[in-house]
Amino acid sequence: MMLKSKDLLGLKDISAEEIEHILETAKTMKYILTTNNKKTPHLQGKSVVTLFYENSTRTRLSFELASKYMSSSSANVSASSSSVSKGETLIDTAKTIDMMGTDVIILRHPMSGAPHLIAKNVNASVINAGDGMNEHPTQALLDMFTIYEKKGSLKGLKVAIIGDIMHSRVARSNIWGMTKLGAEVSVAGPSTLMPVGIEKTGVKVFSTIQEALIDADVVMGLRIQLERQKKGLFPTAREYSKFFGLDNKRLKFAKKDALVLHPGPVNRGLELSTHVVDGDQSCINEQVTNGVAVRMAVLYLLTRRNSGENIN
């Protein structure tokens, strides 16, 4: 099985079967990461360019390592040091990169829909590495892969997503993906950080963290998007932590073997207590490893769409 589209722009329009195929492929890629020799020929002869208009550590580095582990020719472009600073448009920049023989363009952009825009204008495969407040599909895939490894399946699991739902592209992608794989998703956060009509996506909405956590199999904290939101959406960081911070006391509302996830970076003491971040139920560090494996899988599948080759 191969992915239907040449691009990975989001999980809203991808099938459950495709998601499961990515997760299965990621299992093989993670095995490669555990070996002493991480160099494979899967992307030999392919070229990958990361084009980031926003700062990033985990996403950018994991994509770059994923491509290099599979022997691609890779390069990165940051907006501040490119012709963007001279006034070049996004489409013109993407077309320039495309005409250099690039096979995959990985884009992070503050504007929702930016990856969709360039995907229509280039021959290269486009991967959305986060677009505004819209989606972040590979982050959600690595979250689901972490659950998949630990629980065997997402079907029937109760997942609680806590925090700044309104500004979180991670939450949106996870909601689309997890519900397609049969999980029951609940969200909780301040009413000022809850999108209008979020119930239409199939999630349950709670006004308190305790209600959302009851019998949860997975608990996901979200980073407070301070750089995206206007002032006044909650009184103070201390006030937020008091009502919506996840600590060991609140974690007891979830199941004893509940997994704790966070897309990072974590604001310790705000979204999660240090005890929770470093606790036995935390999978936050493993999520980072899984991020490389999932991005290896996505790169592999997109560059093998027309070859008929299958790694599994």
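Student: Is Thr146 buried or exposed?

Tutor: Good place to start, and please keep in mind that this is a predicted model. Thr146 sits in helix α5, which covers residues 137–151. Its relative accessible area is 0%, and buried means under 20%. Therefore Thr146 is buried.

Student: Which residues is Thr146 in contact with, leaving aside its neighbours within four places in sequence?

Tutor: Contact here means heavy atoms within 4.5 Å. With the neighbours within four places in sequence left aside, the contacts of Thr146 are Leu261, Cys283, Gln287 and Asn290.

Student: What about Ser74: is it buried, exposed or partly exposed?

Tutor: Ser74 belongs to strand β2. Its relative accessible area is 31%, while buried means under 20% and exposed means over 50%. The value for Ser74 lies in between, so Ser74 is partly exposed.

Student: Which residues does Ser74 touch, leaving aside its neighbours within four places in sequence?

Tutor: Lys12 is 62 residues away along the chain, and its C-alpha atom is separated from that of Ser74 by 28 Å. The contacts of Ser74, without the neighbours within four places in sequence, are Val48, Ser67 and Lys68.

Student: In what order do the 4 strands of the open sheet stand?

Tutor: Strands of a sheet pair through backbone hydrogen bonds, either parallel or antiparallel. In this open sheet the pairing is parallel. The edge strands, each pairing on one side only, are β2 (73–78) and β4 (125–131). From one strand to the next the twist averages 15 degrees. The order is β2-β1-β3-β4.

Student: How many bridges join β3 to β4?

Tutor: Strand β3 spans residues 104–109 and runs parallel to β4. Across this pair, Ile105 stands opposite Val126 in β4. The number of bridges joining β3 to β4 is 5.

Student: Which strands does helix α3 touch where it packs on the sheet?

Tutor: Helix α3 is made up of residues 90–98, and its direction makes about 155 degrees with that of β3. The strands that helix α3 touches are β1 (47–52), β2 and β3.

Student: And which strands does helix α11 touch?

Tutor: Helix α11, residues 284–303, also packs on the sheet. Its direction makes about 150 degrees with that of β4. Helix α11 touches β1, β3 and β4.

Student: What is the volume of the largest cavity?

Tutor: Searching the whole structure gives 1 cavity of 30 Å³ or more. Its lining consists of Ile162, Gly221, Leu222, Tyr240, Phe244, Leu246, Glu271 and Leu272. By class, that makes 6 nonpolar, 1 polar and 1 charged residues. The volume of the largest cavity is about 40 Å³.

Technical notes
Residues numbered from 1 in each chain as written. Predicted model: local features only at pLDDT ≥ 70, side-chain atom pairs only at ≥ 80, totals over all residues. Heavy atoms only, no water. 1 Å grid on protein atoms, 1.4 Å probe; cavity = no way out; pocket = protein on both sides within 12 Å on 5 of 7 lines; lining within 4 Å. Points joined across faces, edges and corners; volume = space filled by probe spheres on them. Nonpolar A, V, L, I, M, F, W, Y, C, P; charged D, E, K, R; others polar. Pairing = 2+ DSSP bridges. Helix = DSSP H or I, 4+ residues; strand = E, 2+ residues; numbered from the N terminus. Axes fitted to C-alpha atoms, helices over the stretch in contact; angles between N-to-C directions. Buried < 20%, exposed > 50% of the residue type's maximum accessible area, 1.4 Å probe, protein only.
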